[in-house]
Amino acid sequence: MGIRYDWQKAEIETIYNMPLLELIYQAASVHRQYHDPTKIQVCKLISIKTGGCPEDCSYCAQSSRYKTEVKAQALLEKDTVISIAQTAKQKGVSRVCMGAAWREVRDNSQFETVLEMVQEVTAMGLEVCCTLGMLTTDQAQRLADAGLYAYNHNLDTSPDYYSTIISTRTYSDRLNTIEHVRQTNVTVCSGGILGLGETTDDRVAMLHILANLHPHPESVPINILSQVPGTPLENQPDVPIWDIVRMIATTRMIMPASDVRLSAGRARFSQVEQALCFMAGANSIFSSDDNKMLTVTTPCPDYDADKEMLNLLGLEMRPPVSREAKVSSSPAVVG
Ligand code: SAM
Ligand code: DTB
Ligand code: SF4
């Protein structure tokens, strides 16, 4: 079956609710048609600007509205970012994702510094991703000119549930930024979070929107809520592993050529649980050397521990590709 952009919500719901082992089997089969199943993309997150964000995302440690452990910091120095990227490269990481706790990109000297960071880390032969909040087409083009490989901007949940989680921007704002990135040759990274108190219907509705974007986002992060003390969602129950496996497998089935990233929340899972996620079609992870995702509130497994796990499972770290090679070869952006 080819790549489809006309998924009906009911079809996605049927896939999500399939008997679990059948779902994993089908997703594993689709995975093998579009990807080398022995390769896992390993990414490193760098929080280039931490905390003090004016948005009110109910899950986030970096919102200035909530009293969390995170202290607001200035933009990191370029050399600090380069040095973290160098260590990551030595460890076999192929993608570096720079995150800023901004509502939107502004045309100021900080943006100029970010553009230099993008240029220099790209020149090291790494794929660079940025997640800086909302941006205009012009700003997206400047990032593209600096060599940016991907832009991350998550839909997070369904349109109906969105305003329960975030009141300072709308779903359309999110879709608009994704559209602005699409007007350049930067690839799109967009997914969501499980564990916000959403229903299965919300999860399916989010996947429905992602799977009808044409082309599909080249990468789809599946985050699992890391309950941050001080945020409105601090007391949410843990998402069961089976929901995560279902979500990954469904994502793999409906966006077969995209990378599916087992993102925040992975640290809580055993090697056996993670192996199930890889079998269900996850082919990307974040790994670190400072035991954190973006902030201290969300642990991230260690480079060496991850290498050991990948070895054990017969998996290898995927090397970086250039944006031009990806754009011309990927079935996700053809047709
Ligand atoms: N400020 C930018 C934005 O919101 O697009 C970029 C950074 S933001 C931290 C990127 C994504 O991280 C969010 O969209 C959300 O999916 C995820 N995230 C943030 N806090 C999280 C948490 N506590 N647990 C799980 N995922 C989280
Ligand atoms: C994404 O979807 N997940 C990453 C990345 N994109 C930027 C972020 C996870 C954040 C975890 C929360 C924290 O570390 O505070
Ligand atoms: Fe700000 Fe992004 Fe956190 Fe929302 S998720 S509060 S926009 S850093």
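**Ligand surroundings and an aromatic pair in the predicted model**

An oxygen atom of ligand 1 is placed 2.8 Å from an N or O atom in the side chain of arginine 174. The model is predicted, and the distances given here are computed from it. Two further polar contacts of ligand 1 were examined. Asparagine 154 brings a polar side-chain atom to 3.0 Å from an oxygen atom of the ligand. Tyrosine 59 takes part through its backbone, with an N or O atom 3.1 Å from a nitrogen atom of ligand 1. On its own, ligand 1 has 560 Å² of accessible area, and the protein covers 90% of this.

The shell around ligand 1 consists of 16 residues, of which Thr131, Asn154, Asp156, Arg174 and Ser226 are the closest. By class, nine residues of this shell are nonpolar, five are polar and two are charged. The space that ligand 1 takes up is the largest cavity.

Ligand 2 also sits in the largest cavity. Its surroundings comprise 13 residues, and the closest are Asn154, Asn223, Leu294, Thr295 and Thr298. Asn154 is thus listed among the closest residues for ligand 1 and for ligand 2. The shell of ligand 2 contains six nonpolar and seven polar residues, and no charged residues.

Polar side-chain atoms of three residues approach oxygen atoms of ligand 2. For asparagine 223 the distance is 2.8 Å. Threonine 298 has a polar side-chain atom 3.3 Å from an oxygen atom of the ligand, and for threonine 297 the corresponding value is 3.4 Å. Of the 400 Å² of accessible area that ligand 2 has on its own, 87% is covered by the protein.

For ligand 3, the surrounding residues are Cys53, Glu55, Cys57, Tyr59, Cys60, Ser63, Ala101 and Arg169. This shell divides into five nonpolar residues, one polar residue and two charged residues. Tyr59, a member of the shell of ligand 3, is also the residue whose backbone N or O atom lies 3.1 Å from a nitrogen atom of ligand 1. As with the other two ligands, the location of ligand 3 was assigned to a cavity: the space taken by ligand 3 is the largest cavity.

Aromatic contacts were searched for over the whole structure, and one aromatic pair was found. The pair is formed by tyrosine 162 and tyrosine 171, whose ring centres are 5.1 Å apart and whose planes meet at 80°, so the arrangement is edge-to-face. Tyrosine 162 and tyrosine 171 are both buried.

Conventions: Residues numbered from 1 in each chain as written. Chains lettered and ligands numbered in written order. Predicted model: local features only at pLDDT ≥ 70, side-chain atom pairs only at ≥ 80, totals over all residues. Heavy atoms only, no water. Near = heavy atom within 4 Å. Polar contact = N/O pair within 3.5 Å; in protein donor to acceptor, adjacent residues only side chain to side chain. Areas by Shrake-Rupley, 256 points an atom, 1.4 Å probe, with all protein chains shown as cover. 1 Å grid on protein atoms, 1.4 Å probe; cavity = no way out; pocket = protein on both sides within 12 Å on 5 of 7 lines; lining within 4 Å. Sits in = over half its atoms within 2 Å of the grid points. Nonpolar A, V, L, I, M, F, W, Y, C, P; charged D, E, K, R; others polar. Phe/Tyr/Trp six-rings, centres within 6.5 Å; stacked < 30°, edge-to-face > 60°. Buried < 20%, exposed > 50% of the residue type's maximum accessible area, 1.4 Å probe, protein only.
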